[in-house]
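Visitor: Could you take me through one part of this protein up close? I would like to look at the surface patch and then go on to the interior.

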Amino acid sequence: MVVPPPPPSSSTSDTSNSSRNLECTIIRNTDISWTIEGQVEHKIAWVDSINEEMIRLLQAKNTSGRKRPNDNHHHKHPPKTLPKLIFLTHSIGAHLVQQLLTLRADLLTQTQTIIHLMPFIRFDPPPSQTKIISRIAQSPHLAIPFIQTLSRIASRLPPNLLDRCVEPAISGVGDRKLAIELARQPAFARNWLELGLREVREVPKAHDHATLRLIGNHCDTAMLFVGGPDQWAPNFHLEELLEYQRRGVIPSNINMEYKEKLRHDFVVHEEMIPPAIDFILSAVLKEPSRRKDGSGLISRL
């Protein structure tokens, strides 16, 4: 929404005043952004922009230094193929990418590999945690103002005091600084909790076997589960997926691993980053499962 400037105070205002009067304020509407649907649409728009850029680059490469006869308007045909996509997700990102690929068959066909780190694709934590989290998620009108109040209190406390409080959980100085800066922003607290509570309410309570089979018909998936215990991607989710795989319910080209020493927030623990990178590189470099006729990727049901 664009808010127009106030009318000039005088008809004899000079050029500088006229310039200031032409200024306007842009107010961003974030109501859609902080929803699951809005986040999926954002990811789709971003991938589309990447593909459009690739098309422009490929067209420029194909037409550079060459002039086709009888082609005065230099019409450029889109390339026949685009580079394969590799999606790397963490936590709720796994759910968003699954939604993205079920909505866009063309992007699913273009995808070579999906790598899920600690995939939050099912909300079913241990019963003791489920009750607490579910009650908070069902009461955003209470939870959000409460967290914002804590954020305002944090914004008034000395940063060195907050640093000492956060240090046992976050070892890196730079990481702590970033966490403290975010914690002291009530607007960030509101946005973070608004989307987080929507995730808890909308992520399914059981694995979506149909989606896993659909994606498995086109590309491989690698999933990494970790210790903790991880309430968003607990170990028993891995065990159930392996059992469904043994029974042929989900594709066999879903490769799953468990690393006890890693945590859901591995990215803020420097010593945990190399094992995660090793898992990612292994999935990227793995030869994809292909059809015998070479026409694409399939699940091995």
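Guide: Here is a walk from the nonpolar patch to the cavity and on to one helix. Please keep in mind that this is a predicted model.

Let's begin outside. Phe-146, Leu-150, Ile-153, Leu-157 and Leu-161 come together as a nonpolar patch on the surface, and their accessible area adds up to about 430 Å². The biggest contributor is helix 6, which spans residues 140–156 and supplies 3 residues to the patch. Leu-157, one of the patch members, sits in the loop between helix 6 and helix 7 (159–166). Its relative accessible area is 32%, so Leu-157 counts as partly exposed, a class that lies between the cut-offs of 20% and 50%.

Now for the interior. Searching the whole structure turns up 1 cavity of 30 Å³ or more, and the space in the largest cavity is about 30 Å³. Around this cavity you will find Gln-98, His-116, Leu-212, Ile-215, Thr-221 and Ile-254. This lining is made up of 3 nonpolar and 3 polar residues, with no charged ones.

Our last stop is Ala-283, which belongs to helix 12 (residues 273–285). With a relative accessible area of 10%, Ala-283 is buried, because the cut-off for that class is under 20%. Do look at Ala-222 as well: 61 residues separate Ala-222 from Ala-283 in sequence, yet their C-alpha atoms are 6.4 Å apart in space.

Notes
Residues numbered from 1 in each chain as written. Predicted model: local features only at pLDDT ≥ 70, side-chain atom pairs only at ≥ 80, totals over all residues. Heavy atoms only, no water. Patch = residues over 30% accessible without salt bridge, like charges linked within 9 Å, V, L, I, M, F, W, Y side chains within 5 Å. Areas by Shrake-Rupley, 256 points an atom, 1.4 Å probe, with all protein chains shown as cover. Salt bridge = Lys/Arg side-chain N within 4 Å of Asp/Glu carboxyl O. Helix = DSSP H or I, 4+ residues; strand = E, 2+ residues; numbered from the N terminus. Buried < 20%, exposed > 50% of the residue type's maximum accessible area, 1.4 Å probe, protein only. 1 Å grid on protein atoms, 1.4 Å probe; cavity = no way out; pocket = protein on both sides within 12 Å on 5 of 7 lines; lining within 4 Å. Points joined across faces, edges and corners; volume = space filled by probe spheres on them. Nonpolar A, V, L, I, M, F, W, Y, C, P; charged D, E, K, R; others polar.
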